[in-house]
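Here is a short report on a structure, written for a first look. Keep the sequence and the 3D view open as you read.

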Amino acid sequence: MTFRNTTRSWGALTKALHWIIVILIIVQFFIASRAHDLPRGPALIEAWGWHKSVGMTIFMLAIIRLVWRWMNPVPDLTAETRAWEHTLAKISHVLLYALIFAVPLTGWLMSSAKNFPVSWFSLFQWPDLIAPDRALSESMESAHKILVKVLVGVALLHAAGALKHHFIDKNNVLRRMLPFSRIK
Amino acid sequence: MTNYLAAMVAAAALFAGASQAATPAAGNPAAGNNGPRWVQAPAGGSLDFVFDQAGAASKGSFKQFTTELGYDEKSPATGSLSVKVQIGTVDTQDQERNEMLLGADLFDAQKFPTAQYSASSFSRSASGGLEAVGKLTLRGVTRDLRLPLKITRTAAGLELSGEAAIKRLDYGVGQGDWKTTEGVGDEVKIQYKVALVKAK
């Protein structure tokens with residue numbers, strides 16, 4: 001496995017970014033669902049503090065990931081996929097990239113609009129993107145929740161596609177994103 | 001939500017002197033004959049507080065408060081200051097948080113609707129600045145508080161500003177679950193600025 005991508009497989013950095021973001025998104029669900037069970041109080045403040053810190057981490061990793069993608073070759077899917085599969089994969093990849101930016105960004109905007117500024121693990125504070133605005137905070141909150149649902153839907157489709165390639169088509173599409181796997 | 005606590009503190013903030021020897025008895029330093037009297041101009045001023053909420057500095061303010069200052073430029077030491085804050089006017093730009101701040105565990109605004117800072121003398125701080133020597137009463141707790149002040153002449157009268165930090169828990173702003181400083185920090189910065197005109 002190389003550090004950079006090749007036309008046959010993803011490199012180590014791309015794989016690491018992919019799987020770390022997957023894990024952090026799952027962590028976000030646990031934090032958010034715990035927060036929804038908490039009464040208003042210091043524990044809830046702490047929970048949202050963690051949620052925002054992890055969310056901003058995903059946001060930063062998304063930037064690195066996109067820049068890295070532009071700097072690297074992308075493994076070619078055409079040999080292993082039918083045209084419709086290829087199109088569907090392309091659309092879902094574009095959506096997933098957009099969503100890993102849009103979900104944290106709407107969360108950040110919502111925090112600014114609510115006057116609940118965002119810290120990164122108490123190490124530093126992100127600037128407020130907009131001035132407090134109740135109506136805007138409500139629309140950002142709706143947008144955040146809707147985009148999360150879209151993200152889950154597209155991610156499940158993405159995972160289903162990868163599993164289909166692996167178990168039904170028996171090709172390398174999934175294997176080339178798996179850590180430590182060798183392409184046959 | 002952390003802001004609630006902060007808000008309470010903020011009230012105190014007017015007074016925002018930073019030293020806080022715990023002295024129970026409330027003073028009654030209502031301004032005496034300490035030079036010309038000044039009152040808050042109709043345009044008012046601002047009384048903000050900054051608190052730490054989950055690692056992020058967050059801001060709130062009190063919308064209604066009154067200021068009375070006794071101040072003679074020729075003998076600043078004889079000055080007096082009285083600031084009264086309507087706790088119910090706390091605003092953190094979030095309705096839920098405002099309501100929470102006013103609740104029994106934080107400001108308990110129903111029982112303690114006002115906070116007051118009263119100083120009957122001014123002194124020079126170590127750095128040479130003017131400082132009100134007074135007491136802050138917040139949520140029924142009165143403590144000594146030295147409030148650094150800056151008084152400048154303006155066309156219409158005076159501008160009075162001050163900044164200090166207090167600890168919310170010193171004043172009981174944070175009962176029950178809110179006694180922890182996880183989530184919402186203990187220290188609250190108070191930023192006070194007001195335009196004054198000569199009292200009639």
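This is a predicted model. Across the interface of chain A and chain B, six residue pairs are in polar contact, both partners at pLDDT 80 or more. On the chain A side that touches chain B, helix 2 (residues 42-71) gives the most, with six residues. By class, that side of chain A has eight nonpolar, six polar and four charged residues.

How many residues does each chain bring to the contact? Chain A brings 18 residues, and chain B brings 23 residues. Together the two chains bury about 1,700 Å². Of this area, 60% is on carbon and sulfur atoms. The interface also holds one salt bridge. Its partners are B:Glu96 and A:Arg40, at 3.8 Å from N to O.

**Salt bridges within the chains**

Over all chains, the search finds 13 salt bridges. Three that lie within a chain are listed here.

| Acidic partner | Basic partner | N to O distance |
|---|---|---|
| A:Glu85 | A:Lys164 | 2.4 Å |
| A:Glu141 | A:Lys114 | 3.7 Å |
| B:Glu68 | B:Arg37 | 3.3 Å |

Take the pair in chain B. B:Glu68 and B:Arg37 meet in a salt bridge. This pair links distant parts of the chain: B:Glu68 is in strand 3 (residues 65-70), B:Arg37 is in strand 1 (residues 37-53), and they are 31 residues apart. B:Glu68 is partly exposed, at 41% relative accessibility. B:Arg37 is partly exposed too, at 25%.

Now chain A. The side chains of A:Glu85 and A:Lys164 form a salt bridge. A:Glu85 lies in helix 3 and A:Lys164 in helix 4, so the pair ties together parts that are 79 residues apart in sequence. Is A:Glu85 buried or exposed? A:Glu85 counts as buried because its relative accessibility is 8%, under the 20% limit. A:Lys164 has 24% and counts as partly exposed. Both residues belong to a network of salt bridges that also takes in A:Arg82 and A:Asp169.

A:Glu141 and A:Lys114 also meet in a salt bridge. A:Glu141 is in helix 4 and A:Lys114 in helix 3, so this pair joins parts 27 residues apart in sequence. A:Glu141 is partly exposed, at 23%.

**Aromatic rings**

The count of aromatic pairs over all chains is 12. One of them is A:Trp108 with A:Trp126, an edge-to-face pair with centres 5.3 Å apart and 70° between the planes. A:Trp108 lies in helix 3 (residues 83-114) and A:Trp126 in the loop between strand 2 (124-125) and helix 4 (134-168), so the pair ties together parts 18 residues apart in sequence. Both residues are buried. The rings of A:Trp120 and A:Phe121 are also edge-to-face, with centres 5.0 Å apart and planes at 75°. A:Phe121 is partly exposed, at 32% relative accessibility.

Ring pairs link these four residues into a cluster with A:Trp50, A:Phe59, A:Phe101 and A:Phe124.

Look again at A:Trp126. Its relative accessible area is 14%. Which residues does A:Trp126 contact, leaving aside neighbours within four places in sequence? They are A:Met56, A:Met60, A:Trp108, A:Val118, A:Ser119 and A:Trp120.

**A buried threonine**

B:Thr92 sits in the loop between strand 5 (90-91) and helix 2 (95-102) of chain B. At 0% relative accessibility, B:Thr92 is buried. Its side chain makes a polar contact with the side chain of B:Asn98, at 2.7 Å.

Definitions and conventions. Residues numbered from 1 in each chain as written. Chains lettered and ligands numbered in written order. Heavy atoms only, no water. Contact = heavy atoms within 4.5 Å. Buried area = accessible area lost by both parts, 1.4 Å probe. Salt bridge = Lys/Arg side-chain N within 4 Å of Asp/Glu carboxyl O. Polar contact = N/O pair within 3.5 Å; in protein donor to acceptor, adjacent residues only side chain to side chain. Helix = DSSP H or I, 4+ residues; strand = E, 2+ residues; numbered from the N terminus. Nonpolar A, V, L, I, M, F, W, Y, C, P; charged D, E, K, R; others polar. Phe/Tyr/Trp six-rings, centres within 6.5 Å; stacked < 30°, edge-to-face > 60°. Buried < 20%, exposed > 50% of the residue type's maximum accessible area, 1.4 Å probe, protein only.
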